[in-house]
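This note is addressed to a colleague who is meeting the structure for the first time. Please read the numbered points below with the sequence and the model at hand.

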Amino acid sequence: MFTIEHEFDASVITLIDDQAAPDREEITITCFDDVVVLEQVDPHSERVQKISFSMNQLSDLRAALNLPEGTYVRRAAED
């Protein structure tokens, strides 16, 4: 299950895994123009853990999800 909300300067996606064990907290993904931030509460420390991706890193991640094991360099598409 997930929700999508559009705010003034970002889109916010919340992922809720209703099939997971009860200790799995929801994940919030906030998409700005230049960075994507993932947040999740650590149930042991009760602190919010954050990971920030640049747009290039996000593109690399998107590509990596569909590739076999290996090392890759993603090149910009030519116009």
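1. Burial. The protein chain has 79 residues, of which 11% count as buried. The model discussed here is a predicted one.

2. Surface. About 6900 Å² of the protein chain is exposed, and 52% of this area is supplied by carbon and sulfur atoms.

3. Confidence. The mean pLDDT of the protein chain is 87, with 90% of its residues at 70 or more. Among the elements, the highest mean, 96, belongs to strand β5 (residues 48–54), whereas helix α1 (residues 55–64) has the lowest, 89. As a general caution, predicted coordinates should not be read in detail where pLDDT is low.

4. Elements. The protein chain holds five strands and one helix. Along the sequence these elements follow the pattern β-β-β-β-β-α.

5. The sheet. How are the five strands ordered in the sheet? They form an open sheet with the order β1-β2-β3-β4-β5, and the pairing is antiparallel. Strands β1 (2–6) and β5 lie at the edges, each pairing on one side only. From one strand to the next, the twist averages 15°.

6. The pairing of β3 and β4. Strand β3 covers residues 27–31, and strand β4 covers residues 35–41. The two run antiparallel and are joined by five bridges. Within this part of the sheet, Cys31 stands opposite Val36 of β4.

7. The helix. Helix α1 packs on the sheet, where it touches β4 and β5. The direction of α1 makes about 90° with that of β5.

8. Contacts along the sequence. Of the contacts in the protein chain between residues at least 6 apart in sequence, 0% join residues at least 24 apart.

9. Thr28. This residue is found in strand β3. Is Thr28 buried or exposed? Thr28 counts as buried because its relative accessibility is 17%, and the cut-off for a buried residue is under 20%. With neighbours within four places in sequence left aside, Thr28 is in contact with Val12, Ile13 and Thr14, and also with Val37, Leu38 and Glu39. Of these partners, Val37, Leu38 and Glu39 fall within the residue range of β4, the strand that is joined to β3 by five bridges.

Terms used
Residues numbered from 1 in each chain as written. Predicted model: local features only at pLDDT ≥ 70, side-chain atom pairs only at ≥ 80, totals over all residues. Heavy atoms only, no water. Helix = DSSP H or I, 4+ residues; strand = E, 2+ residues; numbered from the N terminus. Buried < 20%, exposed > 50% of the residue type's maximum accessible area, 1.4 Å probe, protein only. Contact = heavy atoms within 4.5 Å. pLDDT = per-residue confidence, 0-100. Areas by Shrake-Rupley, 256 points an atom, 1.4 Å probe, with all protein chains shown as cover. Pairing = 2+ DSSP bridges. Axes fitted to C-alpha atoms, helices over the stretch in contact; angles between N-to-C directions.
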